[in-house]
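Me: I would like to learn how to read the features of a protein model, one at a time. Could we work through an example together?

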Amino acid sequence: MLSIIPGKSVSQLDKAFISYEGITSLDLMERAAVSFCNWFFVHFPKNENAIFIFCGPGNNGGDGLAIARIFSKTTDKVHVVYFEDSENCSNDYQSNFAKLPKNISKIHIKDFSFNISKDDFVIDGIFGVGINRPLEGIFKESIEKLNRVEGMKISIDIPSGIPSDAVLDGTCFKAAYTVTFQFPKLSLLFPEHASFVGDIHIADIGIHDDFLKSFSNQKFLIRKSDIPGLHKKFHNFSHKGDYGRVIIIGGSVGKVGAVLMASKSALRTGSGLVHAHIPKGERLVLQIAVPEVMVFDSQEVQDYKQFDAMGIGPGWGMNVDISFYRELLSNYNKPVVIDADGINLISKNPDLLKLIPKESILTPHIKEFERLVGICENQEERLRKAKDLAKKHHIFIVLKGAFTCISCPDGNQYFNSTGNKYMATAGSGDVLTGMITSFLGQGYKPFNAAVCGVFHHGLAGELASVVKRRGLIASDIIDYIPATYTQLDID
Ligand SMILES: NC(=O)C1=CN([C@@H]2O[C@H](COP(=O)(O)OP(=O)(O)OC[C@H]3O[C@@H](n4cnc5c(N)ncnc54)[C@H](OP(=O)(O)O)[C@@H]3O)[C@@H](O)[C@H]2O)[C@@H](O)CC1
Ligand SMILES: [K+]
């Protein structure tokens with residue numbers, strides 16, 4: 001997993017790493033600039049337009065100057081727009097300013113006309129992780145003007161204005177892309193910042209994972225390379241019992257589709273036997289739609305302990321016999337997955353919280369989560385409360401959304417890196433419930449089940465959206481679950 005380092009620790013990280021590596025801070029800045037340019041040349045291979053690079057007084061500005069020098073080897077249309085005289089800027093800024101070749105024009109921000117056309121590039125090196133207060137004066141005015149001009153806008157490390165670990169207060173540069181160094185800054189993952197951050201690219205500057213770990217603050221990004229090692233291996237003599245017997249409990253009149261999608265996705269994720277528990281009178285539709293699922297109503301199941309895992313809540317509604325739910329949680333002594341109305345019922349009956357088996361996985365979206373813990377001001381508060389809840393009740397909280405966050409009982413938080421905007425569609429959450437329940441039933445540890453569930457779910461959505469785009473529906477995500485195993489080379 002990739003450690004996410006708090007902004008305030010980045011300069012300590014820098015110091016420790018350059019001493020370990022035997023390089024200077026200027027060398028590290030050069031690596032950052034080269035890595036940024038490598039990304040740029042791949043993304044914009046035929047660029048012939050002007051490139052305006054806005055450089056603030058710190059090392060983010062220093063990065064901008066080094067980038068300008070590299071660009072100037074291939075084009076004469078590079079313009080550096082600076083805010084402070086070099087002698088008032090950071091040391092590495094000064095070194096890079098001195099190295100600027102003659103073919104780069106240098107303009108003080110006060111003399112800049114903001115005459116930028118739509119094909120030009122606007123590169124934001126005004127502030128990085130060193131920002132320590134809301135923008136004012138010339139910085140605020142200039143960024144507001146830049147947000148009004150056209151042009152392809154790219155931020156270096158973080159859009160100027162966003163603090164690295166908190167929610168924006170005031171003005172911020174609006175980027176189409178953010179090229180961030182080595183690890184995503186936490187605030188890039190906040191929904192409040194989506195319109196400023198654009199697409200995120202992580203540029204490698206050679207600081208390896210083990211080194212980063214020692215500066216980590218219990219926050220991590222889940223990457224593709226983390227996933228294969230979390231999967232169980234099966235052999236040629238494995239039988240359907242080995243792949244688990246799971247049950248999805250939910251459904252109500254008009255909402256049986258949720259159980260249908262969760263059950264089908266459990267099958268597609270690899271479960272050997274999938275059962276569904278739905279209200280009497282609704283079973284026919286489910287049996288016709290997914291003949292592989294065995295359907296029961298409440299009177300028919302004698303003993304829930306026979307199931308390796310349970311997914312509770314899809315389409316359940318709020319008219320559930322709460323004593324049944326209470327008994328279900330009290331008597332089942334393995335981790336369960338709880339979603340949707342399964343969570344809403346807990347919000348209405350908070351005494352249920354302490355009955356949830358240890359290591360269970362709750363998968364709320366933001367509204368379900370806030371019903372559980374109270375309205376939150378922003379994502380920062382949500383993440384804090386999710387961590388507290390996970391620790392207090394020894395459960396996993398999967399807070400769904402872009403960069404879904406898994407909060408663990410030990411206080412660690414893991415952010416998912418797969419998925420896209422097309423997945424915000426009815427039933428997407430039911431699919432995830434089915435997938436995590438399936439992994440639990442296959443004998444995965446709850447942490448592995450949650451991580452594999454969210455990663456494969458996001459990946460299935462990405463694969464489906466290649467052809468479906470905004471026409472994607474939850475059933476498409478299910479169809480692409482098998483392809484995620486192919487993508488990750490998991491047999
Ligand atoms: N390991 C890495 O990740 C690497 C990081 N690198 C790069 O370094 C960046 C961090 O650089 P940094 O620490 O110099 O901070 P940065 O954001 O440039 O600004 C600090 C300056 O701004 C000022 N200031 C602050 N807020 C202000 C405000 N609101 N309004 C006005 N002024 C304000 C503050 O001075 P102050 O006024 O507070 O005295 C100070 O002068 C990082 O994001 C990345 O791009 C790479 O080069 C190499 C590898
Ligand atoms: K920036």
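What follows is a conversation about reading this structure, from its overall form down to single residues.

Me: Before anything else, what kind of model is this, and how many helices and strands does the protein have?

Reply: This is a predicted model, and the protein in it has 17 helices and 18 strands.

Me: What do the radius of gyration and the spans along the principal axes tell me about the protein?

Reply: For 491 residues, a compact globule would be expected to have a radius of gyration near 23 Å, and the protein has 26 Å, which agrees. Along the principal axes, its C-alpha trace spans about 80 × 45 × 40 Å. Buried residues account for 48% of the 491 residues, and, of the contacts between residues at least 6 apart in sequence, 73% join residues at least 24 apart.

Me: How many residues does helix H15 have, and what should they span?

Reply: A rise of 1.5 Å a residue gives the expectation, so the 23 residues of H15, which covers residues 446–468, should span 33 Å; the C-alpha atoms at its ends are 32 Å apart, which agrees. Because 17 of those 23 residues are buried, H15 is largely enclosed by the rest of the structure. The helix is followed by Arg-469, which has a positive phi, near 45°.

Me: How do I describe two helices that pack together, and at what angle do H2 and H3 cross?

Reply: Two packed helices are described by the angle between their axes and the distance between the axes. For helix H2 (residues 25–43) and helix H3 (residues 59–71), the axes come within 9 Å and cross at roughly 55°. That angle makes H2 oblique to H3, and H2 passes H3 in a right-handed crossing. The residues making the contact include Met-29, Ala-33 and Phe-36 of H2, together with Gly-62, Ala-66 and Ile-70 of H3.

Me: At what angle do the axes of H3 and H4 cross?

Reply: The axes of H3 and helix H4, which covers residues 91–98, come within 8 Å and cross at roughly 20°. This makes H3 roughly parallel to H4, and the crossing in which H3 passes H4 is left-handed. Where they meet, H3 contributes Asn-59, Gly-61, Gly-62, Leu-65 and Ala-66, while H4 contributes Asp-92, Tyr-93, Asn-96 and Phe-97.

Me: Now for a single residue: is Tyr-414 buried or exposed, and which residues is it in contact with?

Reply: Tyr-414 lies in strand E18, residues 413–415. A residue counts as buried if 20 or more other C-beta atoms lie within 10 Å of its own, and Tyr-414 has 26, so it is buried. Leaving aside neighbours within four places in sequence, Tyr-414 is in contact with Met-1, Phe-220, Ile-222, Ile-406 and Val-451. Ser-3 is 411 residues away from Tyr-414 along the chain, yet their C-alpha atoms are separated by 9.2 Å.

Me: Where is Phe-403 found, and where is Asp-489 found?

Reply: Phe-403 is found in the loop between strand E16 (396–399) and strand E17 (405–407), whereas Asp-489 is in the segment after helix H17 (481–487). Phe-403 has a positive phi of about 55° although it is not a glycine, and Asp-489, also not a glycine, has a positive phi of about 55°.

Me: Which of these two is buried, and which is exposed?

Reply: Phe-403 is buried, with 24 other C-beta atoms within 10 Å, while Asp-489 counts as exposed, with 7 C-beta neighbours inside 10 Å.

Notes: Residues are numbered from 1 along each chain as its sequence is written. Chains are lettered from A and ligands numbered from 1 in the order in which they are written. This is a predicted model: local features need pLDDT of at least 70, side-chain atom pairs count only at pLDDT 80 or more; totals for chains, interfaces and linings use all residues. Helices (H or I, at least four residues) and strands (E, at least two) are DSSP runs, numbered from the N terminus. The radius of gyration is taken over C-alpha atoms; the globule rule is 2.2 Å times the number of residues to the power 0.38. A residue is buried if 20 or more other C-beta atoms lie within 10 Å of its own, exposed if 12 or fewer, and partly exposed in between; C-beta atoms are placed from the backbone. Two residues are in contact if their C-beta atoms, placed from the backbone, lie within 7 Å. The expected span of a helix is 1.5 Å times one less than its number of residues. Axes are lines fitted to C-alpha atoms, for helices over the stretch in contact, and angles run from 0 to 180 degrees between N-to-C directions. Angles under 35 degrees count as roughly parallel, over 145 as roughly antiparallel, 65 to 115 as roughly perpendicular and the rest as oblique. A crossing is left-handed if the near helix is turned anticlockwise from the far one by less than a right angle, and right-handed if clockwise.
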